[in-house]
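User: I am in my first year and would like a close look at how helices pack against one another in this protein. Could you take me through it slowly?

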Amino acid sequence: GFRSREIDISNPGFAVFGCSFTSGIGLPVDELWPVRLSKELSIPVDNFGVLGASNGLIFRVAHYWLPVVKPKFVILQTTFKERFEIIDKHNTSVIMSPTYPHTPPFQVEFTQWWYTDANSIADQQKNEFAIRYICQRLNIPIIAIDVDKFVNLQRGDKARDLQHPGSQTHNLASEHFFKQLTTMNIL
């Protein structure tokens, strides 16, 4: 279900984790920043971006896949701090956010949690730190970018759905990560 190659553990590349901005909703696959970077580096990429993901869901995907694929390096795109994942007794994941129409507005606990920035910032940070810890434990270099910085790479550039970053933003993201990888001597 990922917008990626078939997972091939015999040919490790690099892995990317994030929300729909990384999976590239609204763009052809060949215009996505992970694919552009993969071509530039001549290294395969496994794109684990998930539409509408919370930072908690991104962590759970990374926690499962990192030990399996053992990539050469990881690029993590954190998502909006207001997104929060709830897993019910049936192991069904529900992403809640003040901007999602299916989020029950009457749940006082969540409303108080959302509107206290310290909670959502702490949730975003602990999930990023947990992914960094897994990478450190597996000896995998990691680079992270926050969704707000990603969105602002090229203001006004939109994909076909007019809600996600367009081709120019993905190109700038690819260039940004290439420079970071070079500067950090990861390549």
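Analyst: What follows goes through one helix pair, then a second pair, and then a pocket. Please keep in mind that the model is predicted. As a general starting point, a pair of packed helices is described by two quantities, namely the angle between their axes and the distance that separates those axes.

Take helix α2, which covers residues 33-41, and helix α7, which covers residues 167-183: their axes come within 8 Å and cross at roughly 45°. Because angles from 35 to 65 degrees fall outside the parallel and perpendicular ranges, α2 is oblique to α7. The crossing of these two helices is right-handed. On the α2 side, the residues in contact are W33, R36, L37, E40 and L41, and they meet S167, H170, N171, A173, S174, F177, F178 and L181 of α7. Sorted by class, the residues of this contact are seven nonpolar, four polar and two charged.

The second pair is made of helix α3 (residues 55-69) and helix α5 (residues 117-137), whose axes come within 9 Å and cross at roughly 10°. An angle under 35 degrees counts as roughly parallel, and therefore α3 and α5 are described in that way. From α3 the contact takes in N55, G56, I58, F59, A62, H63 and L66, while α5 supplies Q124, N127, A130, I131, I134 and C135. This contact has eight nonpolar and five polar residues, with no charged ones, whereas two charged residues belong to the contact of α2 with α7.

Packing also leaves gaps, and rolling a probe the size of a water molecule over the atoms shows where empty space is left. The largest pocket here has a volume of about 270 Å³. It is lined by 13 residues, of which F80, R83, S97, T99 and Y100 are the closest to its centre. The lining divides into five nonpolar, six polar and two charged residues.

Definitions and conventions. Residues numbered from 1 in each chain as written. Predicted model: local features only at pLDDT ≥ 70, side-chain atom pairs only at ≥ 80, totals over all residues. Heavy atoms only, no water. Axes fitted to C-alpha atoms, helices over the stretch in contact; angles between N-to-C directions. Helix = DSSP H or I, 4+ residues; strand = E, 2+ residues; numbered from the N terminus. Parallel < 35°, antiparallel > 145°, perpendicular 65-115°, else oblique. Left-handed = near helix turned anticlockwise from the far one by under 90°. Contact = heavy atoms within 4.5 Å. Nonpolar A, V, L, I, M, F, W, Y, C, P; charged D, E, K, R; others polar. 1 Å grid on protein atoms, 1.4 Å probe; cavity = no way out; pocket = protein on both sides within 12 Å on 5 of 7 lines; lining within 4 Å. Points joined across faces, edges and corners; volume = space filled by probe spheres on them.
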